Amino acid sequence: SLSRSQARRKIKFLCAILQRMIASLILWLQSLIVPLGGWGILVGSFLEEVVAPIPSALIQISGGFLLFEGKPITPENFFSFILNISIPAAVGVALGSILVYYFVYTLGDLFITRYGKYFGITITDLEKFDTKLEKKHRDLWLVFIGRMIPGIPGPLVSAFAGIFKIPFHRYFPVSVLGTFIRATFYGFIGWQIGSAYAEYQALFD
């Protein structure tokens, strides 16, 4: 078993690695978002959806902080916020979700056929559940809610849409709309953090 001193050294080592990773991620976000603006948000949101190590919502919160730090809430600034944060984030996430969506859409049935028995799931079970979901467009509502509510992993929503064969022309716009609402929420949090930081910094200038 590990001694206390050995355990502490390992914990310090892990903390040092995490600090370096976070510092590198912050520098990368600054280099991506500050010079590119909305396009940086779009690219970052796309990568956020397809690259697991990037935490969900980090791009939108960082974008609100970096691009709108210290700016007051006015109609003009809010319109700029929607153009540079909400819309690019929604489109970027939706585009990034296509990979998972089509992967599960194409190979999901094969996976269930081969391995579903280990989970007590069959293709027939999915078809029955899908029939229930299609009533009153419940499948689309679940996608919308999954994209809108903070904390729900995006790939999980994409996989859900793919496994239940929701047509792409229905899935994509609903995914964009739900993500638009969540990105606005996250981005606004970043904006307000930036405003608070600007006020705090002004006290020492």
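Student: Which residues of H6 are buried in this predicted model?

Tutor: The model is predicted. A residue counts as buried when its relative accessible area is under 20%. In H6, the buried residues are Asp139, Leu140, Val143, Phe144, Gly146 and Arg147.

Student: Where around the axis of H6 do these buried residues lie, on the same side or on opposite sides?

Tutor: An α-helix has 3.6 residues a turn, so residues three or four places apart point the same way. The buried residues of H6 cover an arc of only 165 degrees around the axis, which puts them on the same side.

Student: How are H6 and H7 oriented, roughly parallel or roughly antiparallel?

Tutor: The axes of the two helices come within 9 Å and cross at roughly 170 degrees. Angles over 145 degrees count as roughly antiparallel. H6 and H7 are therefore roughly antiparallel.

Student: How many residues of the contact of H6 with H7 are nonpolar?

Tutor: H6 brings Asp139, Leu142, Val143, Gly146 and Arg147 to the contact, and H7 brings Gly154, Val157, Ser158, Phe160 and Ala161. Of these residues, three are polar and two are charged. The number that are nonpolar is five.

Student: Which helix gives the most to the largest nonpolar core?

Tutor: The largest nonpolar core has 13 residues, and Val143, Phe160 and Ala161 are among those with the most contacts inside it. Helices H4 (75-115), H6 (138-148), H7 (154-163) and H8 (168-202) each supply at least two residues of this core. The helix that gives the most, with four residues, is H7.

How values were computed:
Residues are numbered from 1 along each chain as its sequence is written. This is a predicted model: local features need pLDDT of at least 70, side-chain atom pairs count only at pLDDT 80 or more; totals for chains, interfaces and linings use all residues. Side-chain values use heavy atoms; hydrogens and water are left out. A nonpolar core is a set of buried Ala, Val, Leu, Ile, Met, Phe, Trp, Tyr and Cys residues joined through side-chain atoms within 4.5 Å. Buried means under 20% relative accessible area, exposed over 50%, partly exposed in between (1.4 Å probe, protein chains only). Axes are lines fitted to C-alpha atoms, for helices over the stretch in contact, and angles run from 0 to 180 degrees between N-to-C directions. Angles under 35 degrees count as roughly parallel, over 145 as roughly antiparallel, 65 to 115 as roughly perpendicular and the rest as oblique. Contact means heavy atoms within 4.5 Å. Ala, Val, Leu, Ile, Met, Phe, Trp, Tyr, Cys and Pro count as nonpolar, Asp, Glu, Lys and Arg as charged, and the others, Gly among them, as polar. The arc is that of the directions from the helix axis to the C-beta atoms.
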